Amino acid sequence: MKVLYVASEALPFMASGGLGDVAGSLPVALRKRLIGCRVVMPLYDGIKQEFKDQMKFITSISVPVSWRRQYCGIFEAKANGVIYYFLDNQYYFKRDGIYGHYDDAERFAFFARAVLEIIPAIDWKPDIIHCNDWQSALTPLYYSCYYANRMGYENIKTVFTIHNIQYQGKYGDELLNDVLGIAPEHNNLIMYDGLVNFMKAGIECANKVTTVSPTYAKEILTGEYGEGMDYTLRGAQHKLKGILNGIDYDVFNPKKDKTIIKNYDVKSVKNKEENKKKVCEAFGLEYNTERPLFAFISRLVPQKGLDLIRAAENDLKNCNADFIFLGSGNSDYENLLIWLSNNSANIRAYIGYRGDLANQIYAGSDFFLMPSKFEPCGLSQLIAMRYGSLPVVRATGGLEDTVTGYPLADSTGFKFWGYDAWDMMSAINCASGVYKDKYTFNAMRKSAMEADFSWKKSSLEYLNMYRELVNT
């Protein structure tokens, strides 16, 4: 079986969030199951030169972008046993960053169509084209409308995965002819609420629609979580499936992690205290074995529950615990954390992101705070458990699916259900209380560290789904 995995970002080459992590690790897990999985992504200017030096030029083609054709160079490289194809067009991709440009609709319409155009050039016809998020959502539409009956493209099945339904690729309908090249008879597949909606096209045209946790698959069918796309999803419910994301246990491994102060595993977890001591020292907090250390590592956006932090700031300042925040994003939230850091004895913040520092905080913290308003899957709580930091989470999406709350001695963290500062503080206080009961705390930490959220189980679910599609 051959799977072409389509993503706008992928580690180790270029990433801005969870999609990059998944696109860098799921294909590796699929190959271990003897699936011929290859990845295709844009050749961004920001990819490190050391990676570019390893790329091999295959050929160049021209790609239709509505009434015109654009150059597309095809490069190839290998990472972790997986072949990656990089699509080059300097007009579209020789820029800073990945997203946020005025012509993102055109850039990713080019990318989505180029994915199909390169198939004859790479001489590798996939059985499945697996697309991710709105940036590649037009590939299933272009395939079903313009390629399915072409020689050399027969019987390809398409999968579309929603990583975060909040980002749908919404644009004005003036793009239909001049940029997207969608014929009027197909407009109903991409138009929604008076706008072009890339995600709707993916949902309507893909043979299978997946999202990144079973609970999130149910939540997005509702008006509360569906971001206006719930009606379309309810119509496609027969092909919707939730499959949990995983993490790469070779990458996130406190026994081998070279960025942390003292390595440990579930059998030598007492060494974790050395990491706590060092991270407290680095952030100017007094190391105290009687006080738990809570960590928060995230983009600073409304989704991540920063409004609850603002509402509970006095309670946090007076809590018998210490807190470390790491992240960047919304300036209002950055300023809130800076103010708390400067005006609290027990709260510190680092505005920005460093992977080594994040790992040191995972290794040094006792608890990991994720009070998310919604969370499609979440990877941070999985990493935290791997490092023996017990998650304190709002039970939504993947947080509900991955954190076990009861019975307490066998649980892997703490949950609260209401999106409310009081509920969050109740969970924090409960965690702080358990911290004093070392028998229960250590039992929970052991359960968390032994939980398996590698790609082993999830890759099998993808394999079974692919087989089902190929055989229909």
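Biologist: Between which two elements is the loop that holds aspartate 133?
Modeller: This is a predicted model, and what follows is read from it. Strand S6 covers residues 128-132, and helix H6 covers residues 138-147. Aspartate 133 is found in the loop between S6 and H6.

Biologist: Is aspartate 133 buried or exposed?
Modeller: The cut-off for buried is under 20% relative accessible area. Aspartate 133 has a relative accessible area of 11%, so this residue is buried.

Biologist: What is the phi of aspartate 133, a residue that is not a glycine?
Modeller: The sign is the point here. Aspartate 133 is not a glycine, yet its phi is positive. The value is about 60°.

Biologist: Now aspartate 123. Is this residue buried or exposed?
Modeller: Aspartate 123 lies in the loop between helix H5 (119-122) and strand S6. Its phi is also positive, near 55°, in a residue other than glycine. Exposed means over 50% relative accessible area. At 70%, aspartate 123 is therefore exposed.

Biologist: Which backbone atom does the side chain of aspartate 104 reach?
Modeller: Aspartate 104 is in helix H4, residues 104-117. With 6% relative accessibility, aspartate 104 counts as buried. Its side chain makes a 2.8 Å approach to the backbone nitrogen of glycine 100.

Biologist: Leaving aside neighbours within four places in sequence, what is aspartate 104 in contact with?
Modeller: Set those sequence neighbours aside. Three residues are then in contact with aspartate 104: Tyr99, Trp134 and Tyr171.

Biologist: How are H4 and H6 oriented to each other?
Modeller: Two packed helices are described by the angle between their axes and the distance between the axes. The axes of H4 and H6 come within 9 Å and cross at roughly 50°. Angles from 65 to 115 degrees would count as roughly perpendicular, and those under 35 as roughly parallel. H4 and H6 are therefore oblique.

Biologist: What is the handedness of the crossing where H4 passes H6?
Modeller: The contact uses residues of both helices. H4 brings Ala109, Ala112, Arg113, Val115, Leu116 and Glu117, while H6 brings Leu138, Thr139, Tyr142, Tyr143, Tyr146 and Tyr147. As H4 passes H6, the crossing is right-handed.

Biologist: And where H6 passes H8, what is the handedness?
Modeller: H6 and helix H8 (residues 198-205) pack at about 50°, with axes 7 Å apart. That makes H6 oblique to H8. Leu138, Pro140, Leu141 and Ser144 in H6 meet Phe198, Ala201 and Cys205 in H8. The crossing of H6 past H8 is left-handed.

Biologist: How is H18 oriented to H19?
Modeller: H18 and H19 pack with their axes 5 Å apart, at an angle of about 110°. That makes H18, with respect to H19, roughly perpendicular.

Biologist: Which residues in H19 meet Val434, Tyr435 and Lys436 in H18?
Modeller: H18 covers residues 421-436, and H19 covers 438-450. The partners in H19 are Lys438, Thr440, Phe441 and Met444.

Biologist: Why are the buried residues of H11 on the same side, and what arc do they cover?
Modeller: The buried residues of H11 (residues 272-282) are Lys272, Asn275, Lys276, Val279 and Cys280. An α-helix has 3.6 residues a turn, so residues three or four places apart point the same way. The buried residues of H11 share a side of the helix because their arc around the axis is only 130°.

Biologist: Which residues are exposed on the other side of H11?
Modeller: The buried residues of H11 are covered by elements including strand S13 (293-297), strand S14 (322-327), helix H15 (355-364), H18 and H19. On the other side of H11, the exposed residues are Glu281 and Ala282.

Biologist: What separates the C-alpha atoms of proline 371 and valine 393?
Modeller: Proline 371 lies in the loop between strand S16 (367-370) and helix H16 (380-386). At 0% relative accessibility, proline 371 counts as buried. Its contacts beyond four places in sequence include Phe296, Leu308, Phe416 and Met424. Proline 371 and valine 393 are 22 residues apart along the chain, and their C-alpha atoms are separated by 5.2 Å.

Biologist: Is the peptide bond from leucine 11 to proline 12 cis or trans?
Modeller: Proline 12 is found in the loop between strand S1 (2-6) and helix H1 (18-32). Omega from leucine 11 to proline 12 is near 10°, and the peptide bond is cis.

Terms used. Residues are numbered from 1 along each chain as its sequence is written. This is a predicted model: local features need pLDDT of at least 70, side-chain atom pairs count only at pLDDT 80 or more; totals for chains, interfaces and linings use all residues. Side-chain values use heavy atoms; hydrogens and water are left out. Helices (H or I, at least four residues) and strands (E, at least two) are DSSP runs, numbered from the N terminus. Buried means under 20% relative accessible area, exposed over 50%, partly exposed in between (1.4 Å probe, protein chains only). A polar contact is a pair of N or O atoms within 3.5 Å; within protein, one must be able to donate a hydrogen and the other to accept it, and residues adjacent in sequence count only if both atoms are side-chain atoms. Contact means heavy atoms within 4.5 Å. The arc is that of the directions from the helix axis to the C-beta atoms. Axes are lines fitted to C-alpha atoms, for helices over the stretch in contact, and angles run from 0 to 180 degrees between N-to-C directions. Angles under 35 degrees count as roughly parallel, over 145 as roughly antiparallel, 65 to 115 as roughly perpendicular and the rest as oblique. A crossing is left-handed if the near helix is turned anticlockwise from the far one by less than a right angle, and right-handed if clockwise.
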